[in-house]
Amino acid sequence: DLPRAMRFLAERGFVEVRSECEMHLDLTIFDAGAYAEDLQHIEERGITLKTLTELADDPARDGKLYELHQRQHEAEGPQTTFASFAEWQASFWQLPHLLPDGFCVAIDDEKYIGHSHAMRSDTTELGYGYTGVLPAYHNQGIARAMKLRVLQWAKEQAYTLVRSWSDSRNEAMLRVNLHLGFVVQPPVLWMEKKWKPLISLD
């Protein structure tokens, strides 16, 4: 009973500070062929999609991927200093959830411009990780195409369900998921109450 719970908390001074939307896609009924135009659209623009495995023969792969991660980090606003290339490279390839075949990179004239990836699982259900493109490539259908490519692979590997999580304010990502057939689940909310000291500390 979310509305009742929200009223209960609001009456006691709690405010919502974050809302996360969980969405599920049933791969047993997912038809990737229905979205062929999404892939065709970016191919006509000269954008190619490749997995980390397919990029293994590119000696510049790690450097380009590092630059992409760094630029995406900077685009999200002031944060901590990004790791050095050596630090990033050592940690990236040791990520426990990394799936090279389920990690799609968008490429424009040899430049890495976006990536989208699922997360390793020991069951038939997959969690979905990050999807994003550089700001100059927003609203061009690239994120949708990358995610579609990963979902195609997941279905071919006999996974049955994909779980995806997004900030409820990320309307662009929510639209991508809804377009691909994801079904919205009950949201996860973070509530906060700031307490006033009972006595003055002055």
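This passage walks through the fold, the pockets, one helix, one buried glutamine and the salt bridges of a predicted model.

A quick word on ground rules: residues are numbered from 1 along each chain as its sequence is written, and side-chain values use heavy atoms, with hydrogens and water left out. Since the model is predicted, local features need pLDDT of at least 70 and side-chain atom pairs count only at pLDDT 80 or more, while totals for chains, interfaces and linings use all residues.

The protein chain has six helices and eight strands, taken as DSSP runs numbered from the N terminus (helices: H or I, at least four residues; strands: E, at least two). Along the sequence they come in the pattern α-β-α-β-α-α-β-β-β-α-β-α-β-β. Of the 202 residues in the chain, 37% are buried; here buried means under 20% relative accessible area, exposed over 50% and partly exposed in between, with a 1.4 Å probe and protein chains only. Contacts (heavy atoms within 4.5 Å) lean heavily on distant parts of the sequence: among those with a separation of 6 or more, 71% are between residues 24 or more positions apart.

Now for the pockets. A pocket is an open set of points, on a 1 Å grid over the protein atoms alone, with protein on both sides within 12 Å along at least five of seven lines; a cavity is instead a set of points where a 1.4 Å probe fits but cannot get out, and lining residues have an atom within 4 Å of a point. Grid points are joined across faces, edges and corners, and a volume is the space filled by probe spheres set on the points. The largest pocket comes out at about 700 Å³. Its lining counts 29 residues, with T131, G132, N170, A172 and M173 the closest to the centre. Two or more lining residues come from each of helix 3 (61-75), strand 5 (125-133), helix 5 (142-156), strand 6 (161-167) and helix 6 (171-179). Strand 5 gives the most, with six residues. Sorted by class, the lining holds twelve nonpolar, twelve polar and five charged residues, where Ala, Val, Leu, Ile, Met, Phe, Trp, Tyr, Cys and Pro count as nonpolar, Asp, Glu, Lys and Arg as charged, and the others, Gly among them, as polar.

The second largest pocket has a volume of about 310 Å³. Lining this pocket are 17 residues, and nearest its centre lie H69, L95, H115, H117 and Y130. Helix 3, helix 4 (85-92), strand 4 (111-119) and strand 5 each supply two or more of the lining residues. The class split is eight nonpolar, eight polar and one charged.

Helix 3 also houses Q72, a residue that counts as buried because its relative accessibility is 6%. Leaving aside neighbours within four places in sequence, Q72 is in contact with G114, H115, Y130, G132, V133 and L134.

Helix 5 has 15 residues and reaches 21 Å from first C-alpha to last, close to the 21 Å expected at 1.5 Å a residue, the expected span being 1.5 Å times one less than the number of residues. Buried residues in helix 5 are I142, A143, A145, M146, K147, L148, V150, L151, W153 and A154. After helix 5 comes A158, with a positive phi near 70 degrees.

Six salt bridges turn up in the structure, each defined as a side-chain nitrogen of Lys or Arg within 4 Å of a carboxyl oxygen of Asp or Glu. One of them pairs R144 with D38, with the closest N and O atoms 3.3 Å apart. R144 sits in helix 5 and D38 in helix 2 (residues 36-44), so this bridge ties together parts that are 106 residues apart in sequence. R144 is partly exposed at 26% relative accessibility, whereas D38 is buried at 11%. R61 and D62 also meet through their side chains, at 3.1 Å from N to O; R61 is buried at 14%, and D62 is buried at 13%.

R163 and E125 form another salt bridge, with the closest N and O atoms 2.9 Å apart. R163 lies in strand 6 and E125 in strand 5, so the pair links parts 38 residues apart in sequence. R163 is partly exposed at 25%, and E125 is partly exposed too, at 32%. Through shared partners, salt bridges join E22, E125 and R163 into one network.
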